[in-house]
Amino acid sequence: MEDINIIKTAVKAIDSKKGVDIEVIKISDLTILADYFIIATGTSSTQVKALAEEVEFKLSEQGVEPHHIEGEKSAWVCLDYNSVVIHIFYKDQRDFYQLERLWEDGEQIDISNYLED
């Protein structure tokens with residue numbers, strides 16, 4: 001599956017479960033870690049888990065499985081789909097780690113089109 005389809009599916013899944021502050025950052029010009037980061041916030045640890053599970057479920061329906069999942073029982077879940085890495089935070093952890101600031105040289109991707117479909 002192409003990166004853009006993974007991103008679109010993940011963003012829609014996060015939005016469908018009321019995830020907030022969804023951001024997509026293209027980082028392929030900055031690192032070899034991944035091509036894109038998706039960063040989102042859940043309002044509770046339970047919601048963080050539900051958001052991650054929904055992303056994994058929706059992508060699995062399309063035949064895309066994560067390479068690795070980290071933090072399934074914490075306030076920061078990281079779903080690694082090789083070229084797309086999805087970070088789902090509880091608000092306090094997101095504020096503390098500030099991944100957007102660390103990757104501010106990356107290209108912000110407009111996701112409004114993905115949410116309209």
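Which residues does I69 touch, not counting residues up to four places away in sequence? Select I69 and let's find out; keep in mind as you go that this is a predicted model.

**Stop 1: I69**

I69 is in strand β3, which covers residues 68–70. Show what surrounds I69 and you should pick up E56, V77, C78 and L79, once residues up to four places away in sequence are set aside. Now add Y81 to the selection: twelve residues separate I69 from Y81 in sequence, and their C-alpha atoms are 8.9 Å apart.

**Stop 2: the largest core**

Next, select I38, V55, L79 and I86. These have the most contacts inside the largest nonpolar core, a set of 27 residues. Colour the elements that give two or more residues to this core: α1 (3–16), β1 (20–26), β2 (36–42), α2 (45–61), β4 (76–81) and β5 (84–90). The top contributor is α1, with six residues. As a general point, nonpolar side chains tend to be buried together in soluble globular proteins.

Zoom in on I86. Leave out its neighbours within four places in sequence, and I86 is in contact with A10, I14, I38, V55, L59, V77, C78, L79 and Y81. Apart from this core lies another one, of ten residues; to find it, select A34, I39, C78 and W103, which are among its members.

**Stop 3: α1 against α2**

Hide everything but α1 and α2. Their axes come within 9 Å and cross at roughly 140°, which makes α1 oblique to α2. The crossing of α1 and α2 is right-handed. To see who makes the contact, show side chains for I6, T9, A10, A13, I14 and S16 on α1, then for L51, E54, V55, K58 and L59 on α2. A10, I14, V55 and L59 should ring a bell, as I86 is in contact with them too.

**Stop 4: R94**

Bring the rest back and go to R94, in helix α3 (residues 91–97). Is this arginine buried or exposed? R94 counts as buried, because its relative accessibility is 7%, and the cut-off for buried is under 20%. Follow the side chain of R94 outward from its backbone: it reaches the backbone oxygen of D21 at 2.7 Å. Then display the residues R94 touches beyond four places in sequence, namely V20, D21, E23, I39, A40, T41, F89 and E100. One of these, I39, also belongs to the ten-residue core.

**Stop 5: two loops with positive phi**

Most residues other than glycine have a negative phi. Select K18, in the loop between α1 and β1, and check its backbone: phi is positive, about 70°, although K18 is not a glycine. K18 is exposed, with a relative accessible area of 61%.

Then jump to N82, in the loop between β4 and β5. N82 is not a glycine either, yet its phi is positive at about 65°.

**Stop 6: D35**

Last selection: D35, in the loop between β1 and β2. At 28% relative accessibility, D35 counts as partly exposed. Add D3 and draw a C-alpha to C-alpha distance: D35 and D3 are 8.3 Å apart in space, with their positions 32 residues apart in sequence terms. Set aside neighbours within four places in sequence, and the contacts of D35 are D3, I25, K26, I27, S28 and S83.

Definitions and conventions
Residues are numbered from 1 along each chain as its sequence is written. This is a predicted model: local features need pLDDT of at least 70, side-chain atom pairs count only at pLDDT 80 or more; totals for chains, interfaces and linings use all residues. Side-chain values use heavy atoms; hydrogens and water are left out. A nonpolar core is a set of buried Ala, Val, Leu, Ile, Met, Phe, Trp, Tyr and Cys residues joined through side-chain atoms within 4.5 Å. Buried means under 20% relative accessible area, exposed over 50%, partly exposed in between (1.4 Å probe, protein chains only). Helices (H or I, at least four residues) and strands (E, at least two) are DSSP runs, numbered from the N terminus. Contact means heavy atoms within 4.5 Å. A polar contact is a pair of N or O atoms within 3.5 Å; within protein, one must be able to donate a hydrogen and the other to accept it, and residues adjacent in sequence count only if both atoms are side-chain atoms. Axes are lines fitted to C-alpha atoms, for helices over the stretch in contact, and angles run from 0 to 180 degrees between N-to-C directions. Angles under 35 degrees count as roughly parallel, over 145 as roughly antiparallel, 65 to 115 as roughly perpendicular and the rest as oblique. A crossing is left-handed if the near helix is turned anticlockwise from the far one by less than a right angle, and right-handed if clockwise.
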